[in-house]
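I set out to record what can be looked up in this structure, entry by entry. The topics are empty space, two single residues, one helix and the strands.

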Amino acid sequence: MWGRRLLSSPLSPGRCRAYRARAALAQLSHVLEAELESIRGAGTWKSERVITSKQGPHIHVEGSRGGILNFCANNYLGLSSHPEVIRSGLEALEKFGAGLSSVRFICGTQALLTPEDAVLSDELNHASIIDGIRLCKANKYRYKHMDMQDLEAKLQAAQKHRLRLVATDGAFSMDGDIAPLKEICSLAQKYQALVFIDECHATGFLGPNGRGTDELLGVMDQVDIVNSTLGKALGGAAGGYTTGPKALIDLLRQRSRPYLFSNSLPPAVVGCASKALDLLMESNAIAQSMVAKTRRFRSKMAAAGFSISGNDHPICPVMLGEARLASVMADDMLERGIYVIGFSYPVVPKGKARIRVQISAVHSEDDIDHCVEAFTEVGRKHGALP
């Protein structure tokens, strides 16, 4: 009787809560493990590699023997390890310290667009643009990738809104293609819309003077807002910027939450980026070197039988289709001393897996030829080439 009474006695409230918490945690663990296993089974598991040296065309990767040729960095101009860029960063670090330890003045609750406005976004815009659009309160329209007929239809539908903003990547990071800015700007003028471009994969090297896609396509006076980064070609550290009409920038300083609630950039980052810009203003030789090497890689890969997406951009996606194929080929490339990464769903659409190769001005012609030879060998091994 005592045993039965003990077993049937109610648990204390605290023990009940603990039991329910453990049960919920066990359920969460089960759900997460099942999701992770499905990712592994689909061949889309993304392993993280550890680089144990400074950024450059030749790097050291944890677990690999000897030096590795790096063909997957955003270091388009090779400035992340440029001695003058490093020197400027050290000077700023010594003069101003490691950081300012504070956000900017805190106020405001919203950014540029309101529920009265509309934003029209290319369907393949970068995830950061997509997330920003989700967070804003504007009416949202998505047009087919670089499809000007669809954009015009969406602009016609958006005429009822106060402001209309067309948002597009200048150069698309997964496909290496470039937005048709002439046509976009023409439609924007026709329907009295603003044009916003994200130049993260264009600043510093596209266009005759490295100003970006708007310079490349001759529409610098027609693009209203330019957003870009200091974390790729301009030294590769962190941070970014937005340029546009003064009144718009003043408003963003007052109301943009990411600006207001983020710490100021570390002085060393500012010092490095400033020197990178100085070097590019002095000469376009670095950018032109990258252009020639990009053409060399693209032409040799096409001759070998690979399909390369995009046109004349240093992002050179080797299109493979199957996620598992992209993953195993990237692993085999690392075994042959070439650092590249396979991209698959959800980073890119299903059935469009690829290995994204990125050319830098500091790659030598021998580096590029060696990469092509390794791709050809690996491609034949896995049936990607005849």
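The entries below follow the order of my look-ups.

**Entry 1. Status of the model**

I note at the outset that this is a predicted model.

**Entry 2. The largest pocket**

I began with open space and looked up the largest pocket, which holds about 1,600 Å³. Its lining comprises 42 residues. Nearest the centre of this pocket I found Asn-227, Thr-242, Leu-252, Ser-256 and Pro-258.

I then asked which elements each supply at least two residues of this lining. They are the helices α4 (127–135), α8 (246–255) and α9 (257–260), together with the strands β5, β6, β7 (225–229) and β8 (240–243). The largest share comes from α4, with five residues. By class, I recorded 20 nonpolar, 15 polar and seven charged residues in the lining of the largest pocket.

**Entry 3. The second largest pocket**

The volume of the second largest pocket is about 690 Å³. I listed 26 lining residues for this pocket, with Glu-123, Leu-124, Asn-125, Ala-127 and Ile-130 closest to its centre. Two or more lining residues come from each of β3, α4 and β4. Here α4 gives the most, with five residues. The lining of the second largest pocket divides into 13 nonpolar, four polar and nine charged residues.

I note that α4 gives five residues to the lining of the largest pocket and five to the lining of the second largest pocket.

**Entry 4. Enclosed space**

How many cavities of 30 Å³ or more does a search of the whole structure find? I found one. The largest cavity contains about 40 Å³ of space.

I wrote down its lining as Gln-55, Gly-56, Pro-57, Asn-70, Ala-73, Asn-75, Gln-358, Ser-360 and His-363. Sorted by class, this lining has seven polar and two nonpolar residues, and no charged ones. Two of the lining residues, Asn-70 and Gln-358, also belong to strands that I looked up later: Asn-70 falls in β2 (residues 68–70), and Gln-358 in β12 (residues 353–358).

**Entry 5. Helix α5**

I turned next to helix α5, residues 148–157. At its start, a side-chain oxygen of Asp-147 comes to within 3.1 Å of the backbone nitrogen of Gln-149. The buried residues of α5 are Met-148, Asp-150, Leu-151, Glu-152 and Leu-155. What covers them? I found that the cover includes the strands β3 (118–122), β4 (139–143) and β5 (164–169), and the helix α6 (181–190).

**Entry 6. Thr-203**

I located Thr-203 in the loop between β6 (194–198) and α7 (213–216). Is Thr-203 buried or exposed? I entered it as buried, because its relative accessibility is 10%, and the cut-off for burial is under 20%.

The side chain of Thr-203 has a polar contact with the side chain of Ser-228, at 2.6 Å. With neighbours within four places in sequence set aside, I recorded contacts of Thr-203 with Gly-210, Ser-228, Ala-233, Leu-234 and Tyr-241.

**Entry 7. Gly-43**

Gly-43 lies in the loop between α2 (13–41) and β1. I counted Gly-43 as buried because its relative accessibility is 10%.

Which residues does Gly-43 touch, not counting those up to four places away in sequence? I found Ala-323, Arg-324 and Ser-327. I also looked up Cys-316, which is 273 residues from Gly-43 along the chain; the C-alpha atoms of the two are separated by 22 Å.

**Entry 8. The strands**

I recorded an open sheet of three strands in the order β1-β2-β10, with mixed pairing. Its edge strands are β1 (58–59) and β10 (338–339), each of which pairs on one side only. Between β1 and β2 I found two bridges in the antiparallel sense. His-58 stands opposite Leu-69 of β2.

Lastly I looked up strand β9, residues 315–321. This strand is mostly covered, with five of its seven residues buried. I found β9 joined to β12 by six bridges, the two strands running antiparallel. Met-319 has Arg-354 as its bridge partner in β12.

Terms used:
Residues numbered from 1 in each chain as written. Predicted model: local features only at pLDDT ≥ 70, side-chain atom pairs only at ≥ 80, totals over all residues. Heavy atoms only, no water. 1 Å grid on protein atoms, 1.4 Å probe; cavity = no way out; pocket = protein on both sides within 12 Å on 5 of 7 lines; lining within 4 Å. Points joined across faces, edges and corners; volume = space filled by probe spheres on them. Nonpolar A, V, L, I, M, F, W, Y, C, P; charged D, E, K, R; others polar. Buried < 20%, exposed > 50% of the residue type's maximum accessible area, 1.4 Å probe, protein only. Helix = DSSP H or I, 4+ residues; strand = E, 2+ residues; numbered from the N terminus. Contact = heavy atoms within 4.5 Å. Polar contact = N/O pair within 3.5 Å; in protein donor to acceptor, adjacent residues only side chain to side chain. Pairing = 2+ DSSP bridges.
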